[in-house]
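Work through the exercises below with the structure in view. Each has a task and a stepwise solution.

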Amino acid sequence: EQRNARLLVATGITLATRYAQCGKLRSAKRIIKLLEKNCILSKEDQSYIDNNISSIDLLSGDIDEATHERLINTYYYCEDEYSKLLVANNLLIYHMCTNNMDKAREYAQFIEKVGMEQYQFDEYRHLANKNLLLYYKKTNHPTHDKYKYNLIKLCNECFSEDLKKLINSQF
């Protein structure tokens, strides 16, 4: 029964992520809130939910101190490196949105140092390169060209037509 509950939560989070990627932020948040309300969540599940709620808030422009609190708590809770990188990407965007560029730089450097070479699957490459492109554009640093090139290269190499469309829509 516990295994089924974990599967339900994982499936719900994946579905909410897909809705968010399609721009259906309200539907994504509704799914996450239903999971949070109706499921018994492990600490790990709660951290995924908190990161996803924060991500949806960032995408919708609904950013406040609660967003930061959820993200920072999740960041320090994460034990695996990949989950920590996902949260670091959201913290990078959060600090850019709140014009705390010193903190944003810390997360940009962490993403570059830890994740760029190690995690080479398309969705993560897209996320990290897009966020680093945004960061370096905002700071008027010439490194942004590197991340734009990486996204164009990814678009040419990836198999997912949906990801290709998403990348192309960003230029």
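**Exercise 1.** Find which helix gives the most to the lining of the largest pocket.

Solution. Step 1: helix 1 gives the most, with ten residues; helices (H or I, at least four residues) are DSSP runs, numbered from the N terminus. Step 2: the model is predicted, with local features needing pLDDT of at least 70 and side-chain atom pairs pLDDT 80 or more, while totals for chains, interfaces and linings use all residues. Residues are numbered from 1 along each chain as its sequence is written, and side-chain values use heavy atoms, without hydrogens and water.

**Exercise 2.** State how the lining of the largest pocket divides by residue type.

Solution. Step 1: the lining holds 21 nonpolar, 16 polar and seven charged residues. Step 2: Asp, Glu, Lys and Arg count as charged, Ala, Val, Leu, Ile, Met, Phe, Trp, Tyr, Cys and Pro as nonpolar, and the others, Gly among them, as polar.

**Exercise 3.** Locate the largest nonpolar core and name the helix that gives the most to it.

Solution. Step 1: a nonpolar core joins buried (under 20% relative accessible area, 1.4 Å probe, protein chains only) Ala, Val, Leu, Ile, Met, Phe, Trp, Tyr and Cys residues through side-chain atoms within 4.5 Å. Step 2: the largest such core has 33 residues, and L91, L92, Y107, I111, L132 and Y135 have the most contacts inside it. Step 3: helix 5 gives the most to this core, with eight residues. Step 4: L132 touches (heavy atoms within 4.5 Å) L92, A108, I111, E112, M116 and Y147, leaving aside residues up to four places away in sequence.

Methods. Helix = DSSP H or I, 4+ residues; strand = E, 2+ residues; numbered from the N terminus. Buried < 20%, exposed > 50% of the residue type's maximum accessible area, 1.4 Å probe, protein only.
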